[in-house]
Amino acid sequence: MINVTSKVKLRDLVEAMNTQTDYHIDFINVKSGEIVSITNEILNIAEDTEPFDNKLPDWQQEELKLAHEILDNENQYIELPSRFDINEYKMMKDFCYNFDNSQVQSDLLQAIRGRGAFRRFKDKLIKLGLDQEWFNFRDERYKEIAIELCNNHDLEYED
């Protein structure tokens, strides 16, 4: 087991995974349990420069310092699964199959077909009054992913 001074908070992991974008990468600091986020741009700059060999404005220096810390201590940071690794579309499909009511199931499955699936799914959930049930289902799935990540890396966690 990695020498961890603090447990990873599952709710922080879930929140980080749930709010990912294409423009940044999230990591767990395995010693502190803290979730840190770095923009792809700064991480790319850090890969190509020495820690103080750059022309970035002062407001980006702290993030660059963190990027160098991550690159120099790769065994201390674990990258969180990306939103593509998580596959929220599959979560939506699994949610649809949770319903015994064939009409509800059919309506939800129809909503996730083709372009605009996420918007139509959300609209259909609201129309059927299932939006909170979806959010609970999705949060539980994210929590399962977070627990699996911690278990795979021998990290202790707490709710």
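Axes here are lines fitted to C-alpha atoms, for helices over the stretch in contact, and the angles between them run from 0 to 180 degrees between N-to-C directions. Keep that in mind for the helix-on-sheet view below. Everything shown comes from a predicted model.

**View 1. How confident is the prediction in the protein chain as a whole?** The average pLDDT is 90, and 94% of the residues score at least 70. Going element by element, helix α7 comes out with the highest mean, 96. At the other end sits helix α4 (residues 83-86), whose mean of 88 is the lowest among the elements. As a general caution, where pLDDT is low the predicted coordinates should not be read in detail.

**View 2. Three strands make up an open, antiparallel sheet, ordered β3-β2-β4.** The edges belong to β3 (35-39) and β4 (77-79); each has a single partner strand, so one side of each is left without a neighbour in the sheet. From one strand to the next, the twist averages 35°. Strand β2 (residues 24-29) joins β4 through three bridges, in the antiparallel sense. With β3, the antiparallel pairing of β2 runs over five bridges. Ile25 has Ile38 of β3 as its bridge partner, while Asn29 stands opposite Tyr77 of β4.

**View 3. A hairpin links β2 and β3, with five residues between the two strands.** Look for Gly33 in the turn: its phi is positive, about 80°. Follow β3 onward and the side chains take turns. Val36 and Ile38 point to one face and are buried. Ile35, Ser37 and Thr39 point to the other face and are not buried. That fits the general pattern, in which side chains of a regular strand alternate between the two faces of the sheet.

**View 4. Helix α3 (residues 58-72) lies across β2, β3 and β4.** What angle does α3 make with β3? The helix runs at about 110° to that strand.

**View 5. Asn29, in strand β2, is a buried polar residue with several partners.** Its relative accessible area is 8%, which is under 20%, so Asn29 counts as buried. Two polar neighbours show up around its side chain. One is the backbone nitrogen of Lys31, 2.9 Å from a polar atom of the Asn29 side chain. The other is the side chain of Gln76, in a polar contact at 3.4 Å. Setting aside residues within four places in sequence, Asn29 touches Glu34, Gln76 and Tyr77. For a sense of scale, zoom out to Gly116: 87 residues along the chain from Asn29, with 36 Å between the two C-alpha atoms.

**View 6. Gln20 sits in the loop between α1 and β2.** Is this residue buried or exposed? At a relative accessible area of 15%, Gln20 falls under 20% and is therefore buried. A polar atom of the Gln20 side chain lies 2.7 Å from the backbone oxygen of Pro81. Beyond four places in sequence, Gln20 is in contact with Asp26, Leu80, Pro81, Ser82 and Arg83.

**View 7. The largest nonpolar core holds 31 residues.** Which members touch the most others? Those are Leu13, Phe95, Leu108, Phe121 and Trp134. Helices α1 (10-18), α5, α6 (102-111), α7 (117-128) and α8 (131-152) each put in at least two residues, and α8 gives the largest share, six. Another core, of twelve residues, lies apart from this one; among its members are Leu43, Ala46, Ala67 and Ile70. Back in the largest core, Leu108 has quite a list of contacts beyond four places in sequence: Phe95, Cys96, Phe99, Phe121, Lys124, Leu125, Leu128 and Leu130.

**View 8. Helix α5 packs its buried residues against α1, α4, α6, α7 and α8.** The buried set in α5 is Glu88, Met91, Met92, Asp94, Phe95 and Cys96. Part of that spacing can be read with a general rule: an α-helix has 3.6 residues a turn, so residues three or four places apart point the same way. Asp94 belongs to this helix, which spans residues 88-96. The Asp94 side chain makes a polar contact with the side chain of Arg141, at 2.8 Å. Besides Arg141, Asp94 touches Phe137, again leaving out residues up to four places away in sequence.

Notes. Residues are numbered from 1 along each chain as its sequence is written. Side-chain values use heavy atoms; hydrogens and water are left out. Helices (H or I, at least four residues) and strands (E, at least two) are DSSP runs, numbered from the N terminus. A polar contact is a pair of N or O atoms within 3.5 Å; within protein, one must be able to donate a hydrogen and the other to accept it, and residues adjacent in sequence count only if both atoms are side-chain atoms. Contact means heavy atoms within 4.5 Å. A nonpolar core is a set of buried Ala, Val, Leu, Ile, Met, Phe, Trp, Tyr and Cys residues joined through side-chain atoms within 4.5 Å. Buried means under 20% relative accessible area, exposed over 50%, partly exposed in between (1.4 Å probe, protein chains only). Two strands pair if DSSP finds at least two bridges between them. pLDDT is the predictor's confidence in each residue, from 0 to 100.
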